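Work through these exercises with the sequence and the 3D view open. Try each task before you read its solution.

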Amino acid sequence: MRTILFLLEKEFAQIFRNKAILRLIFIMPIVQLIMLPLAADYEVKNINCSIIDHDHSPYSRRLIGQIEASTYFKLVDYQQNIEGAMPKLEKDKSDIILEIPQNFEKDLIKEEKATLLIAVNAVNGVKGNLGAAYASGIIRTFNQNIRMDWMTFPKMNPIPEIRISSIPWYNKMMSYKIFMVPGILVILVTMVGSFLSSLNIVHEKEAGTIEQINVTPIRKHHFILGKLIPFWILGIVVLGLGLIVSYIIYGIVPVGSLFLLFSFAAVYLIGTLGLGLLISNYADTQQQAMFFSFLLMMVFILLGGLYTPIESMPEWAKVITKFNPAAYFIEVIRMIVLKGSGLKDILPHFFAIGCFAVVFNLLAIWSYRKQI
Amino acid sequence: MNLAIEVNELTKKFGDFVAVDHISFSVKKGEIFGFLGANGAGKTTAMKMLIGISIPTSGNATVAGFDLNRYPDKIKQNIGYMSQKFSLYEDLNIIENIRFYGGIYGLSRKEIAEKSEKLLEKLDLQSVSKSLVSSLPLGWKQKLSFSIAMIHEPSIIFLDEPTGGVDPITRRQFWDLIYEASENGTTVFVTTHYMDEAEYCERVSIMVDGKIAALNTPKQLKQDFKAASMDEVFYQLARGAKRSDH
C-alpha cells in the first residue's frame with residue numbers, strides 16, 4: 001500500500017509537469033465538443049439542383065417555385081435537356097437533376113398521373129439520398145395541393161388520406177447535437193483510458209526507467225495499480241469536465257442519475273485502462289502504441305454506433321459491436337443523459353462492461369513481464 | 001560464506017543463438033569485480049540474469065546469498081543497479097527521484113528525508129535539489145544515479161557501463177564513489193569499455209563469444225598475456241572473437 005502511494009506521488013508529479021498531457025486533458029474535450037457536433041451534422045443543406053423543364057406550364061413553374069423556396073435546395077442550373085445538365089453533375093457542381101417531362105401539366109390533369117425524373121449524384125451518398133428524399137417530399141406536398149384544387153366534387157374522389165404525424169420523444173427538437181455530444185464524451189474518456197495510459201507506460205520503456213523499476217523488489221500489481229489509478233482519476237475528471245462543457249455550450253442537462261453515469265464510467269474506465277496496459281505490453285515505442293490505439297479508436301468509433309446506428313449495420317458488423325466496449329457506453333450514456341434510464345435499464349450493459357474490465361485486466365496482468 | 005556472487009554454468013539462449021554459454025565464476029564480498037567484453041560478447045545479458053530481469057535458460061547462481069532461480073525478489077531487495085541507459089526520471093526533480101526510489105525500496109519517509117540530505121550534501125547538490133534531472137549535466141546525473149541505486153544500502157551494486165560518455169575528471173570522481181562503496185563493504189560488479197578503469201578493479205573477467213576467456217587480477221593477467229597494459233590483454237583476447245556487434 002505504501003509503495004502505491006509513492007508510485008502515485010511520482011505519477012501525478014509527472015502528469016502535472018507534462019504540458020502536452022494537461023493540454024490534451026483540458027483542451028481536447030472543449031474543442032472536440034464544439035467542433036465535432038458541428039461538423040458531423042447529418043442535416044444537409046444547400047443541395048445543388050439542376051432543373052430541366054420540358055413543359056413550361058404553370059404547374060411546372062409552381063413546382064420549381066416550391067423547390068426554390070425550400071431551404072434545402074439551391075438552383076444552380078436550368079437546362080433544355082439531360083445532356084446539358086450532366087456535365088455539372090459529373091463535375092460535382094450539382095447534386096441532383098430534376099427533369100419535368102413535356103405534357104406534365106396535361107398528363108397530370110387528364111391522366112391524373114405524371115412522371116418526374118430525379119437523377120442523383122450518389123458520390124456523396126448522404127447528400128444525394130437526402131436530396132432525393134427532400135425533393136420527393138416537396139413533390140408530394142405539391143401533389144396534395146393540386147388535388148385540393150381539383151377536389152370540387154368530393155363525392156367523385158373519395159380517396160381516403162392517412163396523415164402521419166410524429167412526436168419526437170427524449171430529444172424534442174430532434175437536434176443532432178444533443179444526440180452526438182454524449183457519444184463524443186465516451187470517445188474522450190476512452191482516449192484517456194487506453195491512449196494516454198499506454199503512451200505513458202511505453203514512454204517508461206523508451207526512457208529505460210521501466211528496467212530500473214524491474215530491478216527493484218516492487219510487486220507487479222503495485223506497479224500496474226500505480227499506473228492505472230492516476231489515469232482512472234483523469235478519465236473521471238475528463239467526463240465531468242465534458243458534461244460541464246456540454247451544459248454550458250449545448251444546455252444539455254442529463255435527465256438520468258449522474259451517480260449512475262459516473263458509476264458506469266468508473267467500470268468502463270477500468271476496462272479501457274486494462275486495454276491500454278495490454279497495448280503497452282506489446283508496443284516497444286510510442287509510435288507503435290499510438291498507431292495501434294488509433295486503429296482501435298477507429299473501430300470503436302465506426303462500429304460503436306456513434307455516427308451510424310448499430311441496428312442498420314450488416315450482421316457481421318453487429319457481431320463485432322458486441323465486443324466493442326465503447327458501443328455499450330455510447331448506448332448507456334445516451335440512455336441516461338437523454339432518456340433518464342435507470343439502473344434496471346442498463347443492467348445488461350453493466351454486466352457486459354464488467355466482463356470486459358475483468359478480461360482486459362487479467363490479460364494485461366498476465367502479459368506484463370518483469371522478466372524477459 | 002565469503003562469496004557475494006557465485007555463478008554456476010549460467011546459460012542464456014535466444015533461439016539458436018547462445019548469448020551466454022555456460023559461464024562459472026564467483027565474486028568475493030567487498031570486491032570490485034570488473035566484467036569486461038567486446039560489444040555482443042554477452043556481458044549485459046549475463047548481468048541481466050544476475051539482477052533478475054532475464055531468466056536463465058539453464059544453470060544457476062547465488063546472488064547476495066539467495067538462489068537466483070528461486071528467490072529473485074529477495075535478490076532484488078539486496079542489490080542496486082545502475083544501467084548505461086540513464087535511468088532516473090528526467091521530468092522529476094532530484095528530491096522527487098530520491099523519494100520515489102527510496103519509497104519503492106521500502107524506506108520510511110523519515111529515512112528518506114535523512115538519506116536525501118546526506119546524499120545532497122555529499123554530491124554537493126543542495127542548491128539544485130529542486131531542479132529537474134533533465135537540466136543536470138551528464139556527469140552529475142551519473143553520480144546521482146549511482147547514489148540513488150545505493151539508497152537502500154544494498155550488499156552488491158551492479159554497474160553497467162556507468163561512465164559512458166563523460167570526461168576523465170568526472171570518471172575519476174565516479175570511481176571515488178565506487179571505492180568508497182567498496183570500503184564500506186559493498187561488492188561492486190562493474191562492466192566497462194575503458195581499460196584504465198579495468199586497472200582499478202581488484203579482479204577482472206573478460207568475456208569472448210559468450211564464454212569467460214580470462215579471469216584474474218589485472219596484474220596477473222598482464223603477466224600471463226605478456227602485455228604492458230590491460231588494453232593489450234583485451235586486444236589479444238578480443239581479436240579471436242567470432243561475433244562483434246549484435
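A salt bridge is a side-chain nitrogen of Lys or Arg within 4 Å of a carboxyl oxygen of Asp or Glu. Keep in mind that this is a predicted model.

**Exercise 1. Apply the salt-bridge rule**

Task: Decide whether Arg17(A) and Glu96(B) form a salt bridge, and say where the two residues lie.

Solution:
- Step 1. Look at the distance. The closest N and O atoms of Arg17(A) and Glu96(B) are 2.7 Å apart.
- Step 2. Apply the cut-off. The rule asks for a nitrogen and a carboxyl oxygen within 4 Å. Arg17(A) and Glu96(B) do form a salt bridge.
- Step 3. Place the partners. Arg17(A) belongs to helix 1 of chain A, and Glu96(B) to helix 3 (residues 94–104) of chain B, so this pair joins two chains.
- Step 4. Check exposure. Arg17(A) is partly exposed at 32% relative accessibility. Glu96(B) is buried at 15%, because buried means under 20%.

**Exercise 2. Follow one acid to its partners**

Task: Find which side chains of chain B form salt bridges with Glu9(A).

Solution:
- Step 1. Start with Arg99(B). Its side chain meets that of Glu9(A) in a salt bridge, at 2.7 Å from N to O.
- Step 2. Go on to Arg109(B). Here the closest N and O atoms are 3.1 Å apart, and Arg109(B) forms a salt bridge with Glu9(A).
- Step 3. Locate this second pair. Arg109(B) sits in helix 4 (residues 109–123) of chain B and Glu9(A) in helix 1 of chain A, so the pair joins two chains.
- Step 4. Compare the exposure values. Arg109(B) has a relative accessible area of 42% and is partly exposed. Glu9(A) is partly exposed as well, at 30%.
- Step 5. Set this in context. The interface of chain A and chain B has 4 salt bridges by the rule. The structure holds 20 over all chains.

**Exercise 3. Describe the interface**

Task: State how many residues each chain gives to the contact, and which elements supply the side of chain A.

Solution:
- Step 1. Count the residues. Chain A gives 26 residues and chain B gives 36 residues.
- Step 2. Give the area. About 2800 Å² is buried between chain A and chain B, and carbon and sulfur atoms give 55% of it.
- Step 3. Name the top three. Phe6(A), Gln212(A) and Val215(A) supply 23% of the area that chain A buries against chain B, more than any other three residues.
- Step 4. Count polar contacts. There are 13 residue pairs in polar contact between chain A and chain B, with both residues at pLDDT 80 or more.
- Step 5. Find the elements. Helix 1 (2–17), helix 7 (176–207) and helix 8 (209–215) of chain A each give two or more residues to the side that touches chain B. Helix 1 of chain A has the largest share, with 9 residues.
- Step 6. Sort by type. The side of chain A that touches chain B has 9 nonpolar, 8 polar and 9 charged residues.

**Exercise 4. A salt bridge within one chain**

Task: Are Glu11(A) and Lys227(A) buried or exposed? Say what their pairing ties together.

Solution:
- Step 1. Read the distance. Glu11(A) forms a salt bridge with Lys227(A), with the closest N and O atoms 3.0 Å apart.
- Step 2. Place both ends. Glu11(A) is in helix 1 of chain A and Lys227(A) in helix 9 (residues 220–250) of chain A, so the pair ties together parts 216 residues apart in sequence.
- Step 3. Check exposure. Glu11(A) is buried, at 1% relative accessibility. Lys227(A) is buried too, with a relative accessible area of 1%.

**Exercise 5. A buried loop residue**

Task: Find where Asn324(A) lies and what its side chain reaches.

Solution:
- Step 1. Locate Asn324(A). It is in the loop between helix 12 (315–322) and helix 13 (325–339) of chain A.
- Step 2. Check exposure. Asn324(A) is buried, with 2% relative accessibility.
- Step 3. List contacts. Leaving aside neighbours within four places in sequence, Asn324(A) is in contact with Val299(A), Phe300(A), Leu303(A), Gly304(A) and Phe356(A).
- Step 4. Trace the side chain. The side chain of Asn324(A) reaches the backbone oxygen of Leu303(A) at 3.0 Å.

Key. Residues numbered from 1 in each chain as written. Chains lettered and ligands numbered in written order. Predicted model: local features only at pLDDT ≥ 70, side-chain atom pairs only at ≥ 80, totals over all residues. Heavy atoms only, no water. Contact = heavy atoms within 4.5 Å. Buried area = accessible area lost by both parts, 1.4 Å probe. Polar contact = N/O pair within 3.5 Å; in protein donor to acceptor, adjacent residues only side chain to side chain. Helix = DSSP H or I, 4+ residues; strand = E, 2+ residues; numbered from the N terminus. Nonpolar A, V, L, I, M, F, W, Y, C, P; charged D, E, K, R; others polar. Buried < 20%, exposed > 50% of the residue type's maximum accessible area, 1.4 Å probe, protein only.
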